[in-house]
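Got the viewer open? Let's take a walk through this model, one selection at a time.

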Amino acid sequence: MFKSLLLKGRTLCIIVLCALSSLVVTAQTRITGKVIGSDDKQPVIGATVKIKGTNVGVVTDVNGAFALNANNGDVLVISYIGYQAKSVTVTGASLGTIELAVTNSTLNEVVVTGYQTQLKKDISGSVATVNIADAKKIPATSSEQLLQGQAAGVTVINSGAPGAQSTVFVRGVNGFGNVNPLYVIDGVQATDMSSVNPNDIESISVLKDAGAAAIYGVAGGNGVIVVTTKKGKAGKASISYDGWYGTQRPLSGNVYNIMSPAQQAVMAFRANDSGTQVLYPDPSNKTNADNGTLTASNVIIPTYGYHGPAAPAGQTTFGAAGVTSDPAILQYYHFDAANPQNDFLVQKFATGQGTDWFHSVFTPAPEMQHTVTGSGGSDKSTYLFSLNYLNQQGTLLNNYEKRYQGRVNTVFSTANNHIRFGENGYVTYRENNGGYNGTQQQEGGPIAYIFREMPIIPVYDVQGNYGGGFDGPNGEPLGNGSNPFALLDRNATNNAHFVTVQGNIYGEVDFLKHFTARTSFGGNLYNQYWWQIGYNTYENFESHTSPNNSSENEQMSSNYNWTNTITYKQVFGKHNVQVFAGYEQRESHGRAFSAYGQGYFSLDPNYVQLQYGTPVTAPTSTIYQPTATESFFGRLDYTYNDRYILGATIRRDGFSIFYPGYQWGTFPSVSLAWRISQENFLKNVSWINDLKIRGSYGEAGNNNNIGGGNAYSTFGSGTGASYYGIGGGLNSITQGFYNSQIGNPKVTWETDKISNLGFDASLFNHLEITAEWYKKSISGLLFPLPLPATLGGATVPSVNVGDVQNTGLDISATYHAKVGNDFSFSIGANITTYKNKITSIPSPGYFDFGYSRDNDIVRNQIGHPIGEFFGYQTAGIYQNASQVSSLPGYSGAAPGSFIYKDVNGDGKITPDDRTWIGNPNPDFTYGVNLNASFKRFDFTMVLYGSHGNKDFNYVKYWTDFYSTFQGGKSLDMYNKAAIVSNGVVTNPSATLPAASFAQAMGSSTISSYYVESGAFLKCRVASVGYTFDPSVLKRVGIDKLHVYVQATNLFTITKYTGLDPELVPSLSNNGSGVNQSAAFGIDYGSYPNNQKQYILGVNLTF
Amino acid sequence: MKRSYSKFIALGSIAFLTLTYSCKKLLNKEPVGTLLPSVLANKAGVDGLLIGAYSMLDGYTTTGGTSWESSIDNWVYGGIASDDAYKGSNTTDQPTAVPLENHSVDASNEYLSEKWASCLNAIQRCNDVIREIPLVKDGSVSADYAKEVIAEARFLRGVYHFELAKMWRNVPYVDETITYSAGNYNVGNPGPIWDKIEADFTAAMADLPKTQPQAGRANYYAAEAFLAKALVFDHQYSTALPLLTDLITNGTTSQGAKYALGAYQDNFDAVKRNGPESVFACQMTANDGSGGQNSNEGDDLNFPAGTYTGCCGFYQPSYSLANSFKVDPVTGLPLLGTTSISVASFNSDNKTTSTSTVNAPNYNLVNLANDHGLTATDPFTPPSDALDPRIDWTLGRRGIPYRDWGLCGGETWSRGDIVPYNPTKNVFNHKDIGSTVDNAAGWAQNQGTADNYNLIRFAAIYLWRAECYIDAGNFAAAEADVNVVRARMQNPAYWVHTYINNANPEGGFTNTPAANYKIGLYTGQFAANGKAYALEATIMEEKLEFGMEGHRFFDLQRQDAVYGGPAGASFMANTLNAYIKLDTRISNPVLNGSSFTAAKNELWPIPLNQIDIEAGKLKQNPGY
């Protein structure tokens, strides 16, 4: 045993000696050096040191140091992002300290584009890069928030709800359906980036024009957002911690401007509303009202409200109890959640300002995020792993997002770095309540009930059960709202769990000197499980007797994409050629399951399981349409003399949803650029550092807006839709079938033809500008062309019919400068404009969309932008009967109701007088990044704004008109509604219709009254930080320590009267994919995204 | 080194080619979760398609509307648009129903487009059955069976076209040749289609059996009754007469029971469904696993609010309807004839009134005493007027037993603050709530009932025959038929009685009538007074017998001379305009100041979206 070891040792020695001697023979020397930056004189970590003309190279370690074997006379090229590359000739074993000069231009930045990386100066297409350092200054809880205001051409609309996804458009809304960009995350195509830890992101590029995005073919038409995550760097292992803790503060004040219970009582008498007057039975009220002396200070509001079948003796069975101030009623209190029909509930009415429903559910909330990242490696392998924990408690009761994420990215190389393989991957586990599934922005959401619930109603009744609309006199003078506190309080045990696994593995090999082959297999596994418990809502007038219930839902999906490419790269003379070709295939599938039960003995969340309830409906499962895409693509990049740049791409895609014969499409693009600054006539113009003009044209597609069975006529069955009790029994039905889908095989993708013209300039050594003009014509929008009812009720097929055209400008500029040794600053600004116009839509040339209790809010019509609001134009208030008869009128017009504009001049107000009342598309959105550093202090401010867009404040439907449902009503109504006496308006300055419960047309119908400016400027972030002296920290083993305090949404400048003008689309308008973008900018009660937040953060590296 | 990575390339290439080859079928992905037509080409598939055609009877919508817009009982179009009832609820709840009630409707109304779509959806389901039969090649469908199935499909197609025809009169006729692939789907509406509807029913009669294994299926007599009804609507009384006589003499239900007039209230009781009076009914079911979707969803809104049901207070019986049950205290006959009176009616501003002279029906000179404006604690005694006993099965009024729910709370039960009456016929008995009411939770808790809706019930056969006899000048025979219907109600067992114990309404009823009920027979007045009287009495009888069953609007329409009816020019307009004036003696913000336009509002406007889509083929009805 011992002997054999000894033998082995001997063999080993010989091998080592041979190896050493071979080193001597090739006369290579171990070269060492240290790289520092010219700006801060700090070590440059991760700079590439390469022997010119070879693939041999290393990366500097955390001290900026490197070591590699080279020969005397070799030229080392040292490069790092943000610095000018420097060549150093090897003259001895030590090269000492090498200083890299800061580049004032980003032209040599490496930019990740479609399937490859390019130097910025060589790019001929439109690629916006997000400055990750700037972007990360916003404490993003969802990664797409990083994009807001950071890249020209990208519009991001955030929801304030924890865990809610943002809406992202590249170059504006350009269709009625799903217009989300394609995300490519480490080579894996995805529909969003929200589950990527913002701290893990290395770079984000946005491919905007055909020159850049057409390489993604049928999926690239909406733009492509390419995300790469960080890799480990060779050198000593480093561990860093990034964390922050903060608190978010709800908006303050009477945010919905709600009137007090006393004011509301006065309105009931002003409106002559006998139904509601029963709430205020004190005879003095009626007397004073008749005398015209009733005011909010003398109106008498009862102390108690009560109601229920188990009424005091002498009442009828259904207990139509009146309301008095008699506390004796308390003894009849009876509550039985299992038999609510026997309830007799009593509540003590809220006085003064009434219940502040907003602040009953919005309270300050803590938030924190922690990320630990470890990375390191050698020249043969690197690794990075990170762990992330996010806990964002919403300011809204029981809304939260908790996220746990782990990432491992590794790279291995062998064969002298000619063969590389690795993986990028992460696992995310999320728990969410509230933000998930878009519970806000709809009339049945908890936020909508904040203004729909009357302030006279208390949070709790006299026994500590919830107060509500039930506990009043019979009928519904307390309205049909829901107690928002009850609604959210009961959500405490609801939960949604998400698990996402995403990543790729890849291999790369260099061969025949100029070729690289790469294969990458990646994908996404997703699982979502949510359950919720529904309580008997005894406090409501409607559904007082509804049984308790629960539902459980699961959804899983998976997809993969497998990408194979071969790249050829060669430089000969003044010609720089790069060609690559690829093959890709993708598949996806998924299923969902949901079940429902009701009538549980107990709602203890530890007890409730579906089998303990009554299954009212059969469980349902859904198979998502499996899809497959198969693609061939290629790209040519050619640069002559570093001056003339040609890029050309072609892609051929086959997509399974389309019928054979319509599955395959070809998407070409070509782009040209001229680095005019390289020409002799400009070379001597000292203030032009670099100037490139470029243009592109090409085609991409969009295949999102089509259902799986579109090509086929199919039949289905549904217990409601096609079963029937043919046997005559009370409770038995027989299965039947119905034609569920009409098929049309002759349907294919939407085509986006994109032209782009622009320039990139680097001027005065301090200023960089990129400006672009584009035109994007989308033809063949997939649209379910309405068919006559004569064809029955089957789903009509989507066909390629609508056309839309977007034009706009994207401009971004950055100015950076240094004043003295201690002060430097930069200002970055970007602006995005787009105008969209519908150019074709099937007969009758428009379709209406956008939920309201009245007509649709939006008309999408040829010649108009997508989503434009459509309704009556108000023109004041009828002051008297003679105005009613002389001005164009309508049925129900009376003194005190709205005058509408007679648009078609036919002398009467009809639906034909509806007109264009506001465009929700902004003229432009903009972002400004201010950065400054003074000595060790740094200062940052990020501003974001939107200009020229209109919002439709549908909240006013509930709050501003007496004729809509009883609920919280606005002070505007109290102060500004017309008061009519003897047929004459006595307050001519009135801007709102007279309070009356019978004026649907003259008051709450869709009109310009609801339309407000949605423009805003938000200070998204302001922060001050301090970086500790590294030389001091070194002594305690710390490489870097940065602490900062930060305020989010420090101010919002807007004229919008609702909570927040930044409005995410409503679930009410996302009925189907084909109309997903057909209506937006409508406020149904949104979660405010302008709440102030204060955080304290640390960045620490060992 | 070179060798080793060329190995990688070789291996990679092989793997690449293998995978690419194996994925040749990659793009073949068939639709999921549905059936292709070939799967249904057998007996079970055909049977299922026929069930799917029946399942549209309840007006279930698969096209995005709501079931109350397309309800088979036509509570909107037949009920609130006539003098039977108001929309109810708060004035602004369901604002699109307002113009339907006050005759200011335009062609863009979503209710109308939903009713239109629902009927045509059903018609194409019938056509799917007929189209599928030739595709069956496996021998599972015999020629005889095919004929019977086609007969049922054509019967249903006739029923659904009939719904279209009564609403719009000028409607497309869509048979099995109309398909997407044929491209012939822009079907015009050049005029009435009674001949085609009659042809479908005639063909159905030829092949339908007299009894059926399942109660829900149409039999020979159901087809005969619908054919007779179509002929009556088409004013072909002499052709209808022998059919009606055959139905009265020989007709049976599909279960073989001889047609008969039994207990009136059983027609509105889920447990007593498919009785001898049920010529053809839509079968409603509850607790069947569908979450209430096969219940009488069309009437979801039509319950007193805040009782056993929390919602929604629609379909409130009108003052006029209640008044019409007044009878002569001596003869027990309805108060026919009119008197010119001066009436102060509310204007559309809901505040002021205008006085005008109205030819008021004699029952409608003053309102029956009611609890309008009273609170629950105010005392109220129901009026002692002599009343037709059908009143308290038709509407709920203060202090009278409301089924087995307790004494009706009158206005305190009705949502909104206009009407003291509540709908009754579509309401369940509380003792049967477990089996006849769907337990699905939601805003409409307890509002999905298994109450069948009788599209035709036997009493109508007598009254239609009376119309035919009047047309033929045989007034005595007409009077005899009307008397058959009235005589049934003379049986006190069919009256509402007081509770044994008001505090325990499910504890049963006494033998004491709940009000002063009286109903008498005609004794030769038809012959003595001639055609106009006979017709007025028959139309009145239809109103009283079928109040709140969704027929009234269409009965007025078919009697009006504008489309060939015998009751004279502007009959419908005069009736409804008088009704509006009289019923707005008490402010009604929906009806105040409104009016019915003759030669226009008898028909509904063809949905605008359909006119637009059909690109010129579909023409609008007159006046719109």
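**Start in the core**

Keep in mind as you go that this is a predicted model. Select L57(B), F155(B), L156(B), F280(B) and W604(B): these residues have the most contacts inside the largest nonpolar core, which has 174 residues. Now colour helix α6 of chain B, residues 143-168, which gives this core its largest share, 13 residues.

Zoom in on W604(B) next. Which residues does W604(B) touch, leaving aside those up to four places away in sequence? Its partners are Y77(B), A81(B), L100(B), V105(B), L112(B), M167(B), W168(B), F553(B), N621(B) and Y624(B). For a second, separate core, jump to F169(A), F470(A), Y872(A) and Y878(A), which are among its 106 residues.

**Step back to see chain B**

Show chain B as a cartoon and you'll find 19 helices and 10 strands. With a radius of gyration of 27 Å, close to the 25 Å that the globule rule gives for 624 residues, chain B is as compact as a globular protein of that length. Along the principal axes, its C-alpha atoms fill a box of roughly 115 × 55 × 50 Å. Of the 624 residues, 64% count as buried.

**Follow the salt bridges**

Go back to helix α6 of chain B and pick R154(B) together with D200(B): they form a salt bridge, with the closest N and O atoms 2.6 Å apart. D200(B) sits in helix α7 (residues 194-207), so you're looking at a link between distant parts of the chain, 46 residues apart. Are the two partners buried or exposed? D200(B) counts as buried because its relative accessibility is 0%, while R154(B), at 24%, is partly exposed.

Now select E176(B) and R157(B), whose side chains meet in a salt bridge at 2.7 Å, N to O. E176(B) lies in the loop between α6 and α7 and R157(B) in helix α6, so this pair ties together parts 19 residues apart in sequence. Here R157(B) is buried at 3% relative accessible area, and E176(B) is partly exposed at 28%.

Then try D392(B) and R397(B), another salt bridge at 2.7 Å, N to O; both residues are buried. For a whole network joined by salt bridges that share partners, select E277(B), D388(B), R390(B), K425(B), R457(B), R486(B), R488(B), E541(B), E545(B) and E549(B).

**Last stop: the surface of chain A**

Turn on the surface and select V819(A), F823(A), F934(A), F937(A), F939(A), V1024(A), V1045(A) and L1096(A), a nonpolar patch with about 710 Å² of accessible area together. L1096(A) is in strand β54, residues 1092-1101, and counts as exposed at 52% relative accessibility.

Definitions and conventions: Residues numbered from 1 in each chain as written. Chains lettered and ligands numbered in written order. Predicted model: local features only at pLDDT ≥ 70, side-chain atom pairs only at ≥ 80, totals over all residues. Heavy atoms only, no water. Patch = residues over 30% accessible without salt bridge, like charges linked within 9 Å, V, L, I, M, F, W, Y side chains within 5 Å. Areas by Shrake-Rupley, 256 points an atom, 1.4 Å probe, with all protein chains shown as cover. Salt bridge = Lys/Arg side-chain N within 4 Å of Asp/Glu carboxyl O. Helix = DSSP H or I, 4+ residues; strand = E, 2+ residues; numbered from the N terminus. Buried < 20%, exposed > 50% of the residue type's maximum accessible area, 1.4 Å probe, protein only. Rg over C-alpha atoms; globule rule 2.2 N^0.38 Å. Core = buried A, V, L, I, M, F, W, Y, C linked by side-chain atoms within 4.5 Å. Contact = heavy atoms within 4.5 Å.
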